[in-house]
Amino acid sequence: MKFAFFDAKAYDKPSFDKYGAEEDIRFKYYETKLNEDTADLAYACDGVCAFVNDTLSASVIGKLASLGVGIIALRCAGYNNVDLRAAETYGIRVVHVPAYSPYAVAEHAMALLLTSIRRIHKAYIRTRDFNFSLSGMTGFDLHGKTVGVVGTGRIGRVFIDICRGFGMKVIAYDKFPAQNTDIEYVSLEELFSRADIISLHCPLTDETRHLINCDTIKLMKKGVVIINTSRGALIDAECLLEGIKSRQVGAACLDVYEEETDFFFEDFSGHIISDDILARLISMPNVIVTSHQAFLTEEALNNIAETTVQNIVQIMRYDACPNELIFSDGEILHGTQK
Ligand code: NAI
């Protein structure tokens with residue numbers, strides 16, 4: 001079997017080559033992202049392997065179908081970039097990797113938080129220049145602070161455990177609260193008004209798009225710290241910038257950004273960034289941006305490759321896969337069984 005692998009990076013290849021070889025699947029690596037202009041690269045391939053910033057709109061899926069592509073194997077958990085209705089229409093199967101390391105993402109969220117509030121990013125640069133002054137370095141204790149977690153799935157729950165280890169009080173909001181748990185669920189409005197720190201761990205849907213916007217920022221405590229390791233469009237970036245400028249938002253830790261597709265994963269160090277909001281956010285001393293790297297641990301990369309290969313094998317050999325995404329009667333179903 002041959003798969004066109006889009007948005008390939010050097011760190012993807014060892015694990016995908018290893019697990020692919022075990023099942024006779026050859027990945028053809030392309031550095032370019034999948035979109036209407038590049039879809040033809042999947043010519044003569046059984047499927048495509050795509051990532052978070054590849055475009056799988058109805059027209060791209062239509063093109064892939066005309067090339068004979070039968071499977072879209074997402075090597076990520078989120079699938080907001082895939083038109084599942086179009087995939088269903090064209091008879092293309094879609095599989096994803098629902099979980100590969102919740103620890104990777106939750107630990108990154110905490111790393112961003114600690115870096116931000118203890119000014120580690122500033123200290124690192126200062127001491128390299130032999131500047132040992134502590135002025136402007138005052139942080140605050142996490143112990144005793146209230147963290148509001150939006151989305152208490154796999155990653156959200158690991159993040160809650162980490163926060164509890166720091167002696168923080170946890171409140172949470174989830175559209176589908178977990179049963180039999182000691183998590184204190186509150187309404188979204190209450191979470192916004194009580195939390196010192198807000199961390200987003202819900203998926204991007206029509207309902208959650210711009211969950212953090214100019215109105216909801218007004219409900220928050222002055223100086224709130226906002227962490228987003230989920231999907232960029234959960235936050236209206238323009239409103240976040242205004243919130244930071246007005247000091248309503250004390251700090252922002254962003255691993256994702258609404259318009260990240262054109263920038264993240266690439267080196268723009270010699271260029272002038274055309275996105276003024278991103279440039280302004282990055283210029284702020286209390287904003288930390290990482291380039292969608294929360295998933296990037298050795299453990300996660302191995303799990304992603306192994307699960308992706310197994311997803312493909314299950315569809316091709318057994319015509320059923322627990323990680324299949326199916327659009328049916330306006331709903332997204334998870335997993336096919338035979
Ligand atoms: P999950 O599916 O285990 O948990 C998501 C939780 O969000 C569920 O409890 C669900 O009930 C809840 N939810 C659904 N709709 C909601 C709504 N409208 N409001 C509030 N909560 C809602 O997903 P998991 O594995 O914890 O991942 C969470 C998100 O993290 C993914 O959707 C993905 O976007 C992001 N992610 C980011 C990565 C990165 O590298 N930055 C890597 C992996 C995932």
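Ala, Val, Leu, Ile, Met, Phe, Trp, Tyr, Cys and Pro count here as nonpolar; Asp, Glu, Lys and Arg as charged; and the others, Gly among them, as polar. This is a predicted model: local features need pLDDT of at least 70, side-chain atom pairs count only at pLDDT 80 or more, and totals for chains, interfaces and linings use all residues. Residues are numbered from 1 along each chain as its sequence is written, and side-chain values use heavy atoms, with hydrogens and water left out.

**Exercise 1. Classify the lining of the second largest cavity.**

Solution.
- Start with the term. On a 1 Å grid over the protein atoms alone, a cavity is a set of points where a 1.4 Å probe fits but cannot get out; lining residues have an atom within 4 Å of a point.
- List the lining: Asn228, Gly232, Ile235, Ala237, Leu240, Leu254, Val256, Tyr257, Glu258 and Leu281.
- Sort by class. Seven are nonpolar, two polar and one charged.
- Add the volume, about 50 Å³. A volume is the space filled by probe spheres set on the points, with grid points joined across faces, edges and corners.

**Exercise 2. Do the same for the largest cavity.**

Solution.
- The whole structure holds three cavities of 30 Å³ or more.
- The largest has about 60 Å³ of space.
- Its lining is Asp7, Lys9, Tyr11, Asp12, Phe51, Arg75, Phe265, Phe295, Leu301 and Ile304.
- The classes come out as six nonpolar, no polar and four charged.

**Exercise 3. Find the domains, and the pocket lined by both.**

Solution.
- Domain 1 is 2-100 + 297-337, and domain 2 is 102-289. These bounds come from an automatic or database domain assignment.
- The C-alpha centres of the two domains lie 29 Å apart.
- Count the contacts: 14 residues of domain 1 touch 10 residues of domain 2. Contact means heavy atoms within 4.5 Å.
- Now the pocket. A pocket is an open set of grid points with protein on both sides within 12 Å along at least five of seven lines.
- The second largest pocket draws at least three lining residues from each of domain 1 and domain 2. Its volume is about 290 Å³.
- Of its 17 lining residues, Val52, Asn53, Asn80, Glu258 and Thr261 lie nearest the centre. The lining has five nonpolar, seven polar and five charged residues.

**Exercise 4. Trace the open sheet that contains β1 and name its edges.**

Solution.
- Fix the terms. Helices (H or I, at least four residues) and strands (E, at least two) are DSSP runs, numbered from the N terminus. Two strands pair if DSSP finds at least two bridges between them.
- Read the order of the seven strands: β2-β1-β3-β4-β5-β13-β14, with mixed pairing.
- β2 (26-29) and β14 (331-334) are the edges; each has a single partner strand, so one side of each lacks a neighbour in the sheet.
- The twist averages 30° from one strand to the next. Angles run from 0 to 180 degrees between N-to-C directions, and axes are lines fitted to C-alpha atoms, for helices over the stretch in contact.
- Check one pair. β4 (residues 71-74) and β5 (residues 93-95) run parallel, joined by three bridges. Ile72 stands opposite Val94 in β5.
- Place the helix. α11 (residues 298-318) packs on the sheet, and its direction makes about 155° with that of β4.

**Exercise 5. Trace the open sheet with parallel pairing.**

Solution.
- The order of its seven strands is β8-β7-β6-β9-β10-β11-β12.
- β8 (184-185) and β12 (287-289) each have a single partner strand, so one side of each has no neighbour in the sheet.
- β9 (residues 197-200) pairs with β10 (residues 224-228) over four bridges. Ser199 has Ile227 in β10 as its bridge partner.
- Helix α6 (residues 154-165) packs on the sheet, touching β6 (146-150), β7 (169-173), β9 and β10.
- Helix α9 (residues 237-245) lies across β10, β11 (249-254) and β12, at about 140° to β11.
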